[in-house]
Every structure is written in C-alpha cells, then in structure tokens.
Amino acid sequence: MKTASSTLAGVAIRIARRLAFGTDFKMCRVRFDHTPAFQLQYAKRNPQKSFLWSFLRDPTDRAVSEFFHFGVSRLKMEPSDENFKRYMLEMRKYHRNYFLLDMALQPYAPIHNPNFTMEKAIHQIVKHYDFIGLVERMDESLVLLKMILNLELNDILYLSAKRNGGWDEGAFNATCIYIVPSFVSKGMQTFFNSKRWREYTAGDRLLFQTVNKSIDLTINALGRSEFEDQLREYRMAQKKAQQVCGPSTVYPCSEGGLRQRDNHSCLWWDSGCGYKCLDSLKLNDEKSIDGII
C-alpha cells in the first residue's frame, strides 16, 4: 500500500489491453492487488508465460503516507506523534517489514520460521521478480520496464491516481474521502531515527537499497546512453500527457469531493484514468514533443 499502486495498476491494465490488440481477447490476463505473493502462489507461476513486477517506496515515507491516508483521513485519527506510533506499532504491527511480508514467495514470519531469514527473503524476492522499480525513481523505473518488455512509449504514460491533499477513489464507505496532506513533525523525525523504528523497517530498507543498486546495474547493462535518450523522450511525452489529457480526465471523485462513478474516465476505480486520451496521444511527431518545455 501507498507505493503509487493505483497509478501503476493503471499502467499494468493499459499494457494488458494494448498487447491484446489484434487478438480475440479484449486484454491479456493481469493481476493487481495487495494480496501477499505467497497467498497468490506466485512461486508456482510459469516464468515463461508471465512477468512479475512490483514497485517499492522508502519504508518511512510509505508509512507516513499510509498513516495519513488510512489513519488520519479515513479513521479520523488526530495526526499526533503518539497516534502515529500507535497506528504503526499496534494497529498495524503486522506491517513490520511490510515489503518482505507482501512480496516474499513464501510466508515471511521469523518467529514461526527462523530459518527463512531477512536476507533469504530479500534474495528470494530479487531473484524471482522479473522487475522491481522505485517510486522515488518512477520515470527511470518505467523506462526500464519499457525497455525490458519492448513496450510502446504510450504504454507507460499515466495520470496520477491520488494526490497529497486531493480525494481518494470513493470506494471506502461509498463516499469520497479527502486525503489530508501528510507532514513529519520533529517528534516523528526523532522516532524515525530511533533504534525501534530502524529495527521495524530494517528488512524493507535493505530491500530498498538492493533494488536501488539493481536499477543502476540494469541501466548500465542495457546501455546508459540509450537509456538516457529514452528517459528524455519519456519525460517530454509524460509532460505532454499531463497537459493534453489532464484537463479532460474525469476522476471517480470530483475536485469538490462528489462521487462520479457513472461518468468517470478510468479503467478501474482511479486506475488508468484518462486511458482513452493516453492511448490515442500522438507521440511520433518529434516537433510536437520537443515543443513542450
């Protein structure tokens, strides 16, 4: 949760739809949710007929975002230092090393299975996932995904699903919830530097660092010069997508917090919003892209 998952689900759906063009199917099979990988039995998937990918986010930033989205905005908790600690360490105590719990292909439970260590879980994840990106390096990660899968530039364009200080998708209690802007107080910052928090996020931080290094190695393996050219082209195309498709896109919740489920322009809740415009956006005219500063 809170790793740009709604936005990235939209990218996954649009890729699945585009790859099915010219076939008897409306879209290729795609799965996107927050169910732990071991429950979905991804260890039994056929690597030759599937592509397993995910994104990470700095563990502390992810935790802050989750607290403000679910704790403060939905549960109406006061955004105090003590409430943050209570939310993460008591109400969400099972989120200790959240990414390892969510992404490992077998249950990550050190108390019940001490042999499946943090290091083994990280090794398993990095080995068996076909690609892992970082929210902090969104542009670079999506361009790498494009190069690895030989995708079209349009495939990785997106309009952000949620904004800090915006509205959610309107699914919770069938109403639009305002997302309270997050912040980090001095007390929270002190807590983040504590031994308790470092231990709470140790595995996730190590996985994050490993993936960060892997991204750089992958760029070098594919050719940094070619990558930089594609990154530049993508960023201009993404800017054009925001300018052309953004104003006409209707989200499940309006800017005033009204539910718009009957006439929104998204593929699934707030994922893949503006897909028709993004699919048809012409990017082959270099002058039209280069003209965006």
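**View A. Ala 174, a partly exposed loop residue.** In this predicted model, Ala 174 has a relative accessibility of 48%, so it counts as partly exposed, just as anything between 20% and 50% would. Look for Ala 174 in the loop that links α6 to α7, the helix spanning 186-192. If you want a second landmark for this view, take Glu 255: it sits 81 residues away from Ala 174 in sequence, and the two C-alpha atoms are 16 Å apart in space.

**View B. Asn 150 and its positive phi.** Asn 150 belongs to the loop between α6 and α7. Its backbone is the thing to look at here: phi of Asn 150 is near 55 degrees, a positive value in a residue that isn't glycine. For background, most residues other than glycine have a negative phi. As for its surroundings, Asn 150 has 67% relative accessibility and therefore counts as exposed.

**View C. Trp 269, another loop residue with a positive phi.** Here we're in the loop between α10 (224-245) and α11 (275-280), which is where Trp 269 lies. Phi of Trp 269 is near 50 degrees, again positive without the residue being a glycine. With 24% relative accessibility, Trp 269 counts as partly exposed.

**View D. Where α6 meets α9.** Helix α6 covers residues 138-149 and helix α9 covers residues 202-222; their axes come within 11 Å and cross at roughly 45 degrees. That angle is why α6 is called oblique to α9. The crossing of these two helices, α6 and α9, is left-handed. On the α6 side, the contact is made by Glu 140, Ser 141, Leu 144, Met 147 and Ile 148, while α9 brings in Ile 215, Thr 218, Ile 219 and Leu 222. Sorted by class, the contact of α6 with α9 has 6 nonpolar, 2 polar and 1 charged residues.

**View E. Where α6 meets α10.** Now swap the partner: α6 and α10 pack with their axes 10 Å apart, at an angle of about 115 degrees. That makes α6 roughly perpendicular to α10. This crossing of α6 and α10 is right-handed. From α6, you'll see Asp 139, Glu 140, Leu 142, Val 143, Leu 144, Lys 146 and Met 147 in the contact, and from α10, Glu 226, Phe 227, Gln 230, Leu 231, Tyr 234 and Arg 235. The class tally for α6 with α10 is 7 nonpolar, 1 polar and 5 charged residues.

**View F. Leu 207 and the largest nonpolar core.** This core has 68 residues, and those with the most contacts inside it are Leu 56, Phe 84, Leu 142 and Leu 207. Zoom in on Leu 207 and skip its neighbours within four places in sequence: what's left in contact with it is Leu 56, Phe 99, Leu 100, Met 103, Ile 122, Ile 125 and Val 126.

**View G. Ala 221, out on helix α9.** Ala 221 is a residue of helix α9. At 67% relative accessibility, Ala 221 counts as exposed. Measuring sticks help here, so pick out Arg 205 too: its C-alpha atom is separated from that of Ala 221 by 24 Å, with the two positions 16 residues apart along the chain.

**View H. Thr 7, tucked into α1.** Thr 7 lies in helix α1, which runs over residues 5-19. Its relative accessible area is 11%, so Thr 7 is buried. Neighbours within four places in sequence aside, Thr 7 is in contact with Tyr 158, Leu 159, Ser 160 and Ala 161.

Methods:
Residues are numbered from 1 along each chain as its sequence is written. This is a predicted model: local features need pLDDT of at least 70, side-chain atom pairs count only at pLDDT 80 or more; totals for chains, interfaces and linings use all residues. Side-chain values use heavy atoms; hydrogens and water are left out. A nonpolar core is a set of buried Ala, Val, Leu, Ile, Met, Phe, Trp, Tyr and Cys residues joined through side-chain atoms within 4.5 Å. Buried means under 20% relative accessible area, exposed over 50%, partly exposed in between (1.4 Å probe, protein chains only). Contact means heavy atoms within 4.5 Å. Axes are lines fitted to C-alpha atoms, for helices over the stretch in contact, and angles run from 0 to 180 degrees between N-to-C directions. Helices (H or I, at least four residues) and strands (E, at least two) are DSSP runs, numbered from the N terminus. Angles under 35 degrees count as roughly parallel, over 145 as roughly antiparallel, 65 to 115 as roughly perpendicular and the rest as oblique. A crossing is left-handed if the near helix is turned anticlockwise from the far one by less than a right angle, and right-handed if clockwise. Ala, Val, Leu, Ile, Met, Phe, Trp, Tyr, Cys and Pro count as nonpolar, Asp, Glu, Lys and Arg as charged, and the others, Gly among them, as polar.
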